[in-house]
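Welcome! Take a moment to look over the sequence and the fold before reading on.

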Amino acid sequence: MSIDDDPVTTLDDLRNDLARRHRWTPSGGTSVDPALVDADMAALDRDGYLIWENLLDADECEQIKATVDPWLEHTGRNSFEGHRTQRVYSVLSRTRVCDRLVDHPRVLAVLDRLLMDNYLLSALQAINIMPGESAQLAHHDDGFYPIPRPREPLAAATIWAIDDFTADNGATVLYPGSHRWGRRRPGPDDPAIPAVMPAGSCVFFVGTLWHGGGANTSGQSRLAVTAQYCQPWLRPMEAFTLSISRDTAREVSDDIRRMIGYSVHPPFVGAVDGLHPLRLLDQP
Ligand SMILES: O=C(O)CCC(=O)C(=O)O
């Protein structure tokens with residue numbers, strides 16, 4: 001076909017991947033039985049969230065806890081971050097022990113259906129809610145993108161229980177069905193439930209679901225790791241292309257590499273000098 005036979009009349013004509021060397025490849029989510037993903041999507045559509053129990057074993061939780069513990073220094077700078085809550089940002093640039101959470105096939109299988117190809121990782125944080133912390137302000141995670149509700153989610157979140165989540169130690173509080181709400185906020189009469197789940201479990205929810213960290217009235221702290229994802233045409237919360245070295249980018253899985261920005265949302269979003277960003281990693 002000559003160049004003249006290839007007219008571009010709308011931006012949709014540019015939807016095909018321009019990349020030649022680094023073509024799009026399916027995610028690790030394709031290893032999951034489609035019937036399981038159908039059930040997950042039905043739960044998300046109905047409730048806005050779902051819980052997968054015991055995806056990690058006790059050793060994996062211990063390893064994450066031992067790695068993150070020394071970094072738990074600062075408490076939050078405001079009541080949203082939590083004055084009795086410790087947060088570790090940019091976990092991806094510090095350790096590989098949480099990678100298996102970020103690219104877990106169950107998570108990717110759902111994201112593959114919920115978001116557009118080339119969705120991005122928006123944040124990877126550890127959140128340790130300490131005794132005495134009060135309930136976090138209810139919010140929805142894609143609320144900082146100024147696009148009015150009701151609408152489809154622009155993002156999605158996982159919260160992984162590294163400690164058991166109990167009704168009194170700060171388990172994330174969810175407002176089932178609130179992903180469908182328009183402009184309103186949760187009120188005192190709206191049913192709210194704590195995501196009670198054993199360590200190693202994961203709650204997945206869409207970016208439009210109202211939720212918040214729970215109050216911790218127990219004597220123990222509650223450690224979680226949260227990985228958040230967004231549409232490929234939005235700016236992620238954490239600037240991973242700046243915080244992750246090229247050596248680390250070479251080390252992580254293909255899925256994580258794609259999600260931290262080594263991908264192009266066709267035709268041009270994410271390109272470097274007009275080319276696929278993976279070409280940067282071909283250089284020494
Ligand atoms: O730690 C939690 O359970 C929820 C935290 C949260 O939703 C947030 O900080 O955005």
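The notes below go from the whole protein to one strand and then to the ligand.

## The overall picture

Please keep in mind that this is a predicted model. The protein contains 9 helices and 9 strands. Its C-alpha atoms fill a box of roughly 70 × 45 × 40 Å along the principal axes.

How does the radius of gyration fit that of a compact globule? For 284 residues such a globule would have a radius of gyration near 19 Å, and the protein's 20 Å agrees with this. Of the 284 residues, 39% count as buried. Among contacts with a separation of 6 or more, 82% join residues 24 or more positions apart.

## Strand E9, covered on both faces

Strand E9 spans residues 222-230, and 9 of its 9 residues are buried. In a regular strand, side chains alternate between the two faces of the sheet. One side of E9 carries Arg222, Ala224, Thr226, Gln228 and Cys230, the other Leu223, Val225, Ala227 and Tyr229, and all of these are buried.

## The partners of E9

Which strands pair with E9? Strand E3 (residues 120-129) does so in the antiparallel sense over 9 bridges, with Leu124 bridged to Ala227 of E9. Strand E4 (residues 155-161) is also antiparallel to E9, over 7 bridges; here Ala155 has Cys230 as its bridge partner in E9.

## Around the ligand

Ile127, Gln136, Ile159, Thr172, His211, Gly212, Gly213 and Ala224 are the residues around the ligand. This shell divides into 3 nonpolar and 5 polar residues, with no charged ones. Ala224, one of the residues around the ligand, is also among the buried residues of E9.

Notes: Residues numbered from 1 in each chain as written. Predicted model: local features only at pLDDT ≥ 70, side-chain atom pairs only at ≥ 80, totals over all residues. Helix = DSSP H or I, 4+ residues; strand = E, 2+ residues; numbered from the N terminus. Rg over C-alpha atoms; globule rule 2.2 N^0.38 Å. Buried ≥ 20, exposed ≤ 12 C-beta atoms within 10 Å, placed from the backbone. Contact = placed C-beta atoms within 7 Å. Near = placed C-beta within 6 Å. Nonpolar A, V, L, I, M, F, W, Y, C, P; charged D, E, K, R; others polar. Pairing = 2+ DSSP bridges.
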